[in-house]
Amino acid sequence: MRKKSGKKTKGLAIKTKLTLVMVLLLSIPVLALGIASYYVARIQLENSGKVILKNSVEMTLQIIDQNQKLVDEGKLTLDEAQEKVREYMLSKKQSDGTRSINKNLSLGQSGYLLAYTQDGVEAVHPTLEGKNVLESKDKKNGSLFVKDQIKIANAGGGYLTYWWTLPNSDKVANKITYQKTDTHWGWVVCAGTYMNDFNSGSNNILITTLIVLLVVLILGSAVIILFAKHISNPIKQISNAVDVVASGDLSIEKVEIKSKDEIGNLNDSFNIMVKNINEFIGSVKDSVNVVFDSSKLLDDIVYENTASITEVASSVDEIAKGSNQQARETENGVTKIKNLSDKIDLVTKLTIETNEVAVETANISNKGLQAIELLSKKSDENNQATEKTSDIIMEVDRTSVEIGSITEAISQISEQTNLLSLNAAIEAARAGEQGKGFAVVAEEVRKLASQSSISAAKVKELILGIQDKSKAAVKAMENGKIIAKEQTNSVIEAKDIFIEILHSIEKITNDMKNLKTYSIEMDKEKNEIVEVLEVLSASTEENSAATEQISATTEQQLANVNQIAQYTQDLNKLAEKLRQSVNTFKI
């Protein structure tokens, strides 16, 4: 079967790669040179602009110095001299009070000269002349840049940058000024412009660089594409031929590339390789056919031999399995009989022991029955004693009730005696001296009556306690009678149960005697069966061992034949696979 190979290239083609590399080699130097030129020009222009600002301020200071000399000589007044300086720095004052910027001073597109007094008043300005701008703030950070300018100028001069609004616009831009103080008038002379005015030349350089880069890329790309095509087309031609060979088609025509470089050498080597592979595949095809036919013939022979040996091995294996099964079953029978023998011995022993226990249990049951009868008799005596005790307690309870009545009468007598003693005390008090002796007697009677009342109350309390305890005792005795009656009934029931147990034990004893006789007879018959099974097991094991030996020999022969068959099948598969692989090549 013939396989077609797809395109292996997953990335960029050689032509594209060459084009990209050459474009980068062209663009990177030009772009790097343009950017470097831009930044160098920008720095140089900024430095040149700073120098122009400084020179403008220095020139203005010289003009002031010259006009001050004329003032000193009396040729000009101070106002005239200052006006001449203002006209130099800007222009003549117009009717609306403004001045136009002096275009003869090259300070950039938006640059001009100005001057402050030490108080921050605009001494020279296009539109703010005479106004105090000391509190003017930076448009970004809010710093008071006029104060900073005056401070720098008084310190000997210097530069200052700040953010300010562009002319005729709401946008802010970075502005730079140079300022220095005039020693004659105290003016702070400033020359300022926006940084964008300095960088306009460098921006032109950057634009020119981009245009040059675009032109170079267009022209260079055309040349690079032609060069890349000259290199990539032969490689592509060889690559397509390799794809055809990789798909198994060796009948491809000879590739012709007219080139004397490495690509030409690659083409010659490829043609030689295809020719050698053609010859090799033809030879392999002839050999594969011979091997395939031989392996099929050997496979048929081995298959027939394997079938015969397998049938014999299967028969022997079944016989061996049957012998083994019979030996195992016989051996299991012997084992089970021995286990049964042990259990019979154990049953016999347990039967004798159980018989003895049954006899002993019968004796114990007789003793228990006697104890139950004695317990029943004692229970009757206890019931009689409980009845007598209950009657006595009832009698005590009736007596305590009578005593309570007597105590109640004594309490009433004590109360009346106490009342009489009180009346006697009153009468004795009325009698005066003659009734003192009678009053003492009445007091003693009252005390005695009071003590009698207290004693009667205590006796009454004791009597009530005795009555409560008597009632509790009577109630407890009633409960005791009920319990004693239930106990008597339980004893009677237990007696009946013991009588039934005694009858059952007598029956078990008789059955155990019979079971003992049967166990002895079973033990004798068991020994005879064990001897027969042991002889049968030995004979079966000998037959099984011989059968297993035959089966093992047959299985070994079958394994050898199976191994040969496996090798034959592997050889057949290998020959078939080799033939299919070789057939994929077209020669």
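A residue counts as buried here when its relative accessible area is under 20%. By that cut-off, 31% of the 587 residues in this chain are buried. Keep in mind as you click around that the model is predicted.

**Start with the whole chain.** Show it as a cartoon and colour by secondary structure: you should find six helices and five strands. Followed along the sequence, they come in the order α-α-β-β-α-β-β-β-α-α-α. Now switch on a surface. The chain exposes about 38,100 Å², and carbon and sulfur atoms supply 58% of that area. For the contact-map minded: of the contacts with a separation of 6 or more, 69% link residues 24 or more positions apart.

**Next, select residues 145–154.** This is helix H3, whose buried residues are Phe145, Val146, Gln149, Ile150 and Ala153. Because these residues cover an arc of only 145° around the axis, they sit on the same side of H3. What do the buried residues of H3 pack against? Add four strands to your selection to see: S1 (112–116), S3 (158–165), S4 (172–181) and S5 (188–194). Before moving on, centre on Gly156, just after H3, where phi is positive at about 115°.

**Now keep S3 and S4 on screen.** These two strands run antiparallel and are joined by eight bridges. Two pairs are handy to label: Tyr159 has Tyr178 in S4 as its bridge partner, while Trp163 is partnered by Asn174 in S4. Follow the backbone round the hairpin that S3 and S4 form, with six residues between the strands, and stop at Asn168 in the turn, which has a positive phi of about 55°.

**Bring S5 back in.** S4 is joined to S5 by seven bridges, and this pair is antiparallel too. Here, Gln179 stands opposite Cys190 in S5. S4 and S5 also make a hairpin with six residues between them, and in its turn Gly186 has a positive phi of about 80°. Is S4 mostly covered or mostly open? Mostly covered: seven of its ten residues are buried.

**Finish on helix H4, residues 195–246.** Ile211 lies in this helix. Colour the surface by accessibility, and Ile211 shows up as exposed, with a relative accessible area of 51%; the cut-off for exposed is over 50%. Then select Ile207, Ile211, Leu214, Val215, Ile218 and Leu219, which form a nonpolar patch on the surface. Together they have about 600 Å² of accessible area.

Notes
Residues numbered from 1 in each chain as written. Predicted model: local features only at pLDDT ≥ 70, side-chain atom pairs only at ≥ 80, totals over all residues. Heavy atoms only, no water. Buried < 20%, exposed > 50% of the residue type's maximum accessible area, 1.4 Å probe, protein only. Arc of directions from axis to C-beta. Contact = heavy atoms within 4.5 Å. Areas by Shrake-Rupley, 256 points an atom, 1.4 Å probe, with all protein chains shown as cover. Patch = residues over 30% accessible without salt bridge, like charges linked within 9 Å, V, L, I, M, F, W, Y side chains within 5 Å. Salt bridge = Lys/Arg side-chain N within 4 Å of Asp/Glu carboxyl O. Pairing = 2+ DSSP bridges.
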